[in-house]
Amino acid sequence: MLLDEQDQFLSYSGEVLVFQLSKPKHAEEAADKTMNLCVRRMAFNRDTKLFVQKSSGVFSMHASHSKIEMICCSCTTDSRTGIILPCILMKKKKRNNVKYFVLLLHSSNRFEQSFYFKLDYELKEDIRLFAGPSVLWRHANKLFYISSNNCVVQSAPVQLSSVVWTGEIVGEGTAVLGTRTSCLPETEDVDGFSVSDRAIWGSEFFGYAIQTQKMLPGTCFMPHAYSRVVSSVYICKSERWKKQLRIALVAITHKNQLIWFQNGVPKGVCELPYEKPCSVKPAVTCSNDLLFVVSFASGNSCVVQRRDSLQVASKWQKVKCVLVDDFIGSGSEQLLLLFKDDSNTDVLSTFKITDLGEVNYASGINYEHDVPAAEGLQENGLLTVRALETRLQAGWTSVRELQQHLGLQKRVILESCRALIDLVEERTHILPNAKEVKCLVSLWDDVENPPHSLSKETSLVPKVPEHFTEELWQRVVGDSLVVGVKLTESFYLSLSDVSLSLVMDRDFSSISPIIMCQSKILKLNKAFSALAVSSSQIEPPPKKMKLDLHSKNDLRKEFPKRSSNIQLDGVKTLTAVTSLSPLLAFHRVCCVVLLHARKQNHQNDSLQQSKKITVLCGKILLSLEDISNDRYSVKMLRDNSYCTGSVEDILAVLAVSVRFAFQIVSSDCTLTPVSSWLLGEMECTPFKECQDHIFCHKAGNVHGTIFNWTLKNPFEGVLTIFCRNLTVLFQCLHSLTRVLPPSCSVKLLRSGSKAVLTEQLALALEKEMLTFKNSLFLKETKPENSLPLGNESGKKIINAPLVPLLDTEEGVQQFRKKLQNEREESVRSMNQTMTGALYQKMALKIAEAQLSSDMIVWRLS
């Protein structure tokens, strides 16, 4: 804005304020004249597409023997109320005395004189208005400022050659950014890396905080090398990060460039289309595009757009001024360009409103006839943007509600884990109060009859023997933690669907205490035949079940025999395998080991029933110090052609390994090369406990692999491999195929031999058929309307020959009656009903039987 212009323009809350000063026509008539400062509030009418006057105001000043001028205007913050108001700096000159006063314009168009001050010189260089209101200027290479709080002119203890920016910086208040002659220190300081810069260029940037009277390092704004060319700066963003000031700004130079700086480093540059740029201001459009409006001394203007790079988006000539505000009320900023028009003396006669996008209004266009389609598209576009913004806000609200719901779920899970541990350890669980957790409430009746509720809850858990575990151990194999529980024989035989879980025994508020792990059952019999199978895949009994459906006593006798015949000579060990590294992040952690299973009961009214139980097996302690000292490491060493290692070490290796069985058949020669390959090339040694299983000591990936080689006859055998991953398996097979004869065939067995699986399938189908037939003759089944069946009617029908009955009328009637009774009996037998609970129980048994047979068929395929 040039100082000699009669009119001043200012944008405020979407309106254009036009300040005009009425001057006397002749100097000799000014002695008794009154000067009036008029303001007109102009608003854009979207119907007529013109600016119309909303209101006006006047401020009268006595101008006797004085010359009054408007210096500048800006929107500043009133320190008394914190409200941003239009502010005007006025000058009243009378001979050698110069008086300056600051006016504030209120919403009622009332002018208020905030303060005044007198100087013996005129303000000409770097005059700025900022919060307070306050006035800052430069005179004789010194910085002066005055505020409405003290009304005393103060000088800053700095020498400067120019002021390029004034505004607010986070944590510093009002600050001034300028350039000055380099002040080289006698010794190197913290900012010593810029000493050479300042010495070469002779000038430097600096920042000065007015309230704290603190100097700010200029290198956080831009390098000192730019101090001789930068003419104006606008700081877009300032923040504190780790006690350091981070600045993002844009600067214009005397070499017709616009440069973007990020934390003192140039990040982009753009060549400007005109010479002598004098000011820059930002604008944010509806599409969140950041625009920089550059004004030139020649009266031209251009807009630089910042997306992937800085580039000139548009340019205009003969521009009186450029204002940035929301003039059309769309919620985003637009540019208002006021053009010079000598033919029209009315203000705001030639203008243009644009955001370089959908918004584009210009004076002198008949929108009603010329561009109705464009106007309709513009209106629809604005409505669409507003609707999309509303939907976006609703989406954010839904996301916040979902986050709150997930947080609630997390707290419920954590509290449930604590309750489960307390229940297993027979401790009284205390729910958090309302102050600790506002969203969790008790699901039990804590007020009425608490002893009854507690006894009812404990009665739901089946009783277990006091000593059901023989041993609890842990091992570390690679990056896996293996926890093993050795159960007593009598307790294990009464369980089904057995699994282990690990729960961290400490109060975690941010993570779940439940540890994800994989459970396995390892059964080692006298022949040391190790099988890693699921608890739901227990082999069917070898003894065939009787099909006499009326002998239920015999059926009840068969099931106990079935349970007692499952490898009575074996040792049953449950293992849980989990990742070790996440636990080591806590350095020291204690885990509770829980056993989950179904307790089998044998009752008179049912063949087999079960209840879910959870039993505490014990606790394990894990620390980083123990892992570093190899306390729980697996030790497999050679000792006189044997492999030493405890049963727990062997079970740990089997738990983390994957089992593969291969059937090898040779039609031309014997399979003696397999044994030579295992003992020779693979460097395997048998375990002392059982020589059928051998441990691989060969260096490399295959180290630690366990093999089992069983010969059915000299030409056929089964090789079982327990390896860590598929890579080790492929390496073993590749080495094996090089020693086998070319005529050998190697086939992968899914689980066990074909003969064993065939027998299991026969037993499973037999059980499935028995379950089907048994479900049709349950005691709870009753005929419809409870009518008697057959001979239960109490009337005995004579079983006489057919021919004699048909000879007489009485015989025909008797035969007809007998036939009618048989028909009714048949209908009643077809309309039997049962309760819903009984049907659900029967359907569950049938589904379990079918699932077992289907699983064996899949393993055979």
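Modeller: Before we start, a handy definition for this predicted model: two strands pair if DSSP finds at least two bridges between them.

Colleague: Good to know! In what order do the 6 strands of the open sheet come?

Modeller: Happy to walk you through the sheet. Its pairing is antiparallel, and β41 (684-686) and β45 (745-749) are the edge strands, each pairing on one side only. Reading from one edge to the other, the order is β41-β42-β43-β44-β40-β45.

Colleague: By what angle are neighbouring strands of this sheet turned against each other on average?

Modeller: Direction is ignored for this value. On that basis, the average turn between neighbours is 30°.

Colleague: Which residue in β43 stands opposite Phe695?

Modeller: Let's look at strand β42 (residues 693-696) and strand β43 (residues 706-713), which run antiparallel and are joined by 3 bridges. Opposite Phe695, in β43, stands Ile706.

Colleague: And which helix lies across β41, β42, β43 and β44?

Modeller: The helix in question covers residues 672-679. It runs at about 165° to β43, and β44 spans 716-723. The name you want is α9.

Colleague: Now to another spot: is Glu172 buried or exposed?

Modeller: Glu172 sits in the loop between β13 (162-169) and β14 (173-181). Its relative accessible area is 6%, and the cut-off for buried is under 20%. Therefore Glu172 counts as buried.

Colleague: Which side chain does the side chain of Glu172 join in a polar contact of 2.2 Å?

Modeller: Not counting residues up to four places away in sequence, Glu172 touches Ala209, Gln211, Thr212, Lys214, Leu216 and Arg240. The polar contact of 2.2 Å is with the side chain of Arg240.

How values were computed
Residues numbered from 1 in each chain as written. Predicted model: local features only at pLDDT ≥ 70, side-chain atom pairs only at ≥ 80, totals over all residues. Heavy atoms only, no water. Helix = DSSP H or I, 4+ residues; strand = E, 2+ residues; numbered from the N terminus. Axes fitted to C-alpha atoms, helices over the stretch in contact; angles between N-to-C directions. Contact = heavy atoms within 4.5 Å. Buried < 20%, exposed > 50% of the residue type's maximum accessible area, 1.4 Å probe, protein only. Polar contact = N/O pair within 3.5 Å; in protein donor to acceptor, adjacent residues only side chain to side chain.
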